[in-house]
Number of protein chains: 2
Amino acid sequence: MLPAARHQAIVDTVQRERVVRVSDLAQQLGVSLMTVRRDIELLEEAGRLERIHGGAKLPGDASTHEPGFELKSTQLTSEKRAIAVEAAALVQEGMAVGLSAGTTTWALAKELVNGPPITVVTNSVRIADLFHHAAAAGRTHYSSTVILIGGQRTPSDALVGPIATSALKQLHLDLLFLGVHGMDAVAGFTTPNLLEAETNRAFVAAARKTVVLADHTKWGVLGISSIASLDEVDEVISDPGLGSEAQRVLQEKVGKLRLAAA
Amino acid sequence: MLPAARHQAIVDTVQRERVVRVSDLAQQLGVSLMTVRRDIELLEEAGRLERIHGGAKLPGDASTHEPGFELKSTQLTSEKRAIAVEAAALVQEGMAVGLSAGTTTWALAKELVNGPPITVVTNSVRIADLFHHAAAAGRTHYSSTVILIGGQRTPSDALVGPIATSALKQLHLDLLFLGVHGMDAVAGFTTPNLLEAETNRAFVAAARKTVVLADHTKWGVLGISSIASLDEVDEVISDPGLGSEAQRVLQEKVGKLRLAAA
DNA sequence: CCTGGTGTCGAGCAGCGGGGAGCATGGTGT
DNA sequence: ACACCATGCTCCCCGCTGCTCGACACCAGG
C-alpha cells in the first residue's frame, strides 16, 4: 500500500464517516497506529482533515450538517435584507400571502413576523417555524395565520410533491413571493430541483400576483427546471448590483422591476 | 465513541428534540453524566446549544421554561417508551404508517427512525423533523420517506384544518398509530381540540388498521371532541397501570388490548 | 411565605487510553 | 554497498473520563 493511496483512503473514510478513530484506520489499512497518526498529521497540514483526540474529522465540521442553508443565509445578508424590506412594504393587513421556500423568502418572513397580521401560505418548514415561534413568544400582538403546505421534504426544507400541489389548488393567494435559484433572459426563472419547480408552478397558478425575489447573483444562472417565464410574473425585486442589460431585459419582459438599496 | 462524534450526536439530538436531559443523553450515548455535562458546557461555548437546568436546548429557542419541562420530560417516560417499543414491533419494512400528533406517537417516532425504511405520514412537525434530521445525519442506512400533512398549526405542533383532511383523503395507510388525550367507556377516544379531532378522524378513515397508543392515565379522561368510538379502532396499546375494569371494557369493545411492561 | 426532599451541578482526584519523541528495522533506489 | 525513507516499537506525558462529595436549584407541602 503506497502512502498516497493510504492518504486517499483516509480522506475518503473521513468524508464518508465524518469522524474516524486512529485505531480503526490502523486496523482497516493494516498499518500501525503511528503510521496513521503521521498520515493524519500530514493531511491536517494539507487542510484535508482536522485532527482530534483519538482520530480525525472533517475540517470545519463544527457547524451544522446542512451547510447549504446556514451558509446561504449568512451570505448576502444586506442585499437580501434590503430586498425583504422592500417586499414587506407590499404586504397589507389581512392579505393571503404565499412564500415559497428559499433563503430570500426566509429573510422576508423575518420581516413579516413583525408586520400586520396576515395569512401566510408556505411550503417551507423553516418559515412556518419562524411564525410559530414568534406567535408563541407573543412578540406579535395579533398573530398571523400560517398554513403549511404538506408533502415530502427536500434537503432544503421545502415540502413538495403531489400533496403539496393538490393543496395549493384549493387555495387562492393575493400575493406570492417566489424565491428562485436562477433567472435568465430566455430560460426565465429556474430551480435545480424538479419537484420544487413543480410546487412553485402550483404556487404561481394559485396567486393573483407573483413577485420574484432574487439578488443580482441570480442573473444568468440556470437551474434544470423552469418555474415560469419572465412575462408570467408581475414584478421582480432585486438589488442595484444587477447589470444594466439584465435591468433592461427584466424591465421589458416583466414590466415592473424594483431595486432595493442595501 | 469519539468526543467529536459524541458532540455531533448531542447537537443532532438537541436540534431534533429541542430539549434534552443530561441523563437521557448519558444513557443513550453510554457515557457518564459528567461527560455529558462537560460536552454541553463546551458546546454552549461554541454557541451550538444552550444549557438549562437538567439538560440543554436549542440556542435562542423561546420555549425556555415552559411550565414543567421538568415534569413533562420525566413523567411517564418509561411507560411511554415501553408502549412505543411495543408499537414499533408492529411495523414492517415498506409499510405506509400514519402517526398522529402527540407525545406518545412522538416517542414511537423515536423508535421508528432506527427501524426499517417505511413511509411515514404525519401531521406533526416535530415528528417530521425527527425523521428529517435522522436522514440528514445518515444514521439510518436506508432512510424512510416522510410525508408531512399540511394545514394550520395548533399550539401542540399539529397541522390541522381543511388542507390536512383533504390531503389525507388522497392517501391510504397500512397502519395508523393514534395518540389520544382521553379514552372512556362511553365517549370513546377524545381530544380537547376540535380541529385536531377532525384531522384525526380523517386519519382513521384513511387507515386500514388503527392502533391507539394511550398510557393508563388517559382512562376516564374526556376531551370535548370525539375521534372514534372504542369499537372503531383495531387495537389499543397501554401499560400495566391500567385498571382491571378498564382492561375488561377495552378487551371487550376494542377486541385487542396490549399492555407494555415498562 | 417558609421548609424539607429530591435531583442536578461543579471541583477535585485517580485511572486509563491515546499522543509524541526518539530509535531500531526493513525495503528501495543509486 | 551505501544512503535514504517509511514504518513500527517503546517509554513517558497529557488529555479524557468517571467517581465522590459538598453546594445549589427546583418542586411540593404546610
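Reader: In chain B, what makes E1, E3 and E2 strands that pair into a sheet?

Author: This is a predicted model, in which local features need pLDDT of at least 70, side-chain atom pairs count only at pLDDT 80 or more, and totals for chains, interfaces and linings use all residues. A strand is a DSSP run of E, at least two residues (a helix is H or I, at least four), numbered from the N terminus, and two strands pair if DSSP finds at least two bridges between them. E1(B) and strand E3 (residues 55–57) of chain B have 3 antiparallel bridges, so they pass that test. In one of those bridges, B:Arg21 is matched with B:Gly55 of E3(B). The result is an open sheet of 3 strands, ordered E1-E3-E2, with antiparallel pairing.

Reader: Why do E1 and E2 of chain B count as edges?

Author: Strand E1 (19–21) and strand E2 (50–52) of chain B have a single partner strand each, so one side of each has no neighbour in the sheet. Neighbouring strands here are turned by 25° against each other on average, direction ignored.

Reader: Which strands do the helices H2 and H3 of chain B lie across, and how do you know the angles?

Author: "Lies across" rests on contact, meaning heavy atoms within 4.5 Å. The angles come from lines fitted to C-alpha atoms (for helices over the stretch in contact) and run from 0 to 180 degrees between N-to-C directions. Helix H2 (residues 22–29) of chain B lies across E1 and E3, at about 70° to E1(B). Helix H3 (residues 33–45) of chain B lies across E2 and E3, at about 135° to E2(B).

Reader: How much area do chain B and chain A bury, and what makes it "buried"?

Author: About 2,700 Å², 55% of it on carbon and sulfur atoms. Buried area is the accessible area (1.4 Å probe) that two parts lose on being put together, summed over both, so the value covers both chains. The contact takes 38 residues from chain B and 39 from chain A.

Reader: What makes B:Asp129 and A:Arg153 a salt bridge?

Author: The rule wants a side-chain nitrogen of Lys or Arg within 4 Å of a carboxyl oxygen of Asp or Glu. For B:Asp129 and A:Arg153 the closest N and O atoms are 2.9 Å apart, so the pair qualifies. The count between the two chains is 2 salt bridges. Several elements of chain B, including helix H1 (3–17), helix H7 (125–136) and helix H8 (162–169), each supply at least two residues of the side that touches chain A. By class, that side has 20 nonpolar, 11 polar and 7 charged residues; Ala, Val, Leu, Ile, Met, Phe, Trp, Tyr, Cys and Pro count as nonpolar, Asp, Glu, Lys and Arg as charged, and the others, Gly among them, as polar.

Reader: How do you know that E7 of chain A and E6(B) pair?

Author: Strand E7 (residues 151–153) of chain A and E6(B) share 2 antiparallel bridges, so the rule of at least two is met. A:Gln152 has B:Ile147 as its bridge partner.

Reader: What makes E10 and E11 of chain A partners, and where does E13 fit in?

Author: E10 (residues 182–184) and E11 (residues 188–191) of chain A have 3 antiparallel bridges, so they count as paired. Among the matched residues are A:Met183 with A:Phe189. E10(A) and E11(A) form a hairpin with 3 residues between them. Strand E13 (residues 225–228) of chain A also joins E11(A) through 3 bridges, running antiparallel. The open sheet therefore has the order E10-E11-E13. E10 and E13 of chain A are its edge strands, and the twist averages 40° from one strand to the next.

Reader: And how are residues, chains and atoms handled?

Author: Residues are numbered from 1 along each chain as its sequence is written, chains are lettered from A and ligands numbered from 1 in written order, and side-chain values use heavy atoms, leaving out hydrogens and water.
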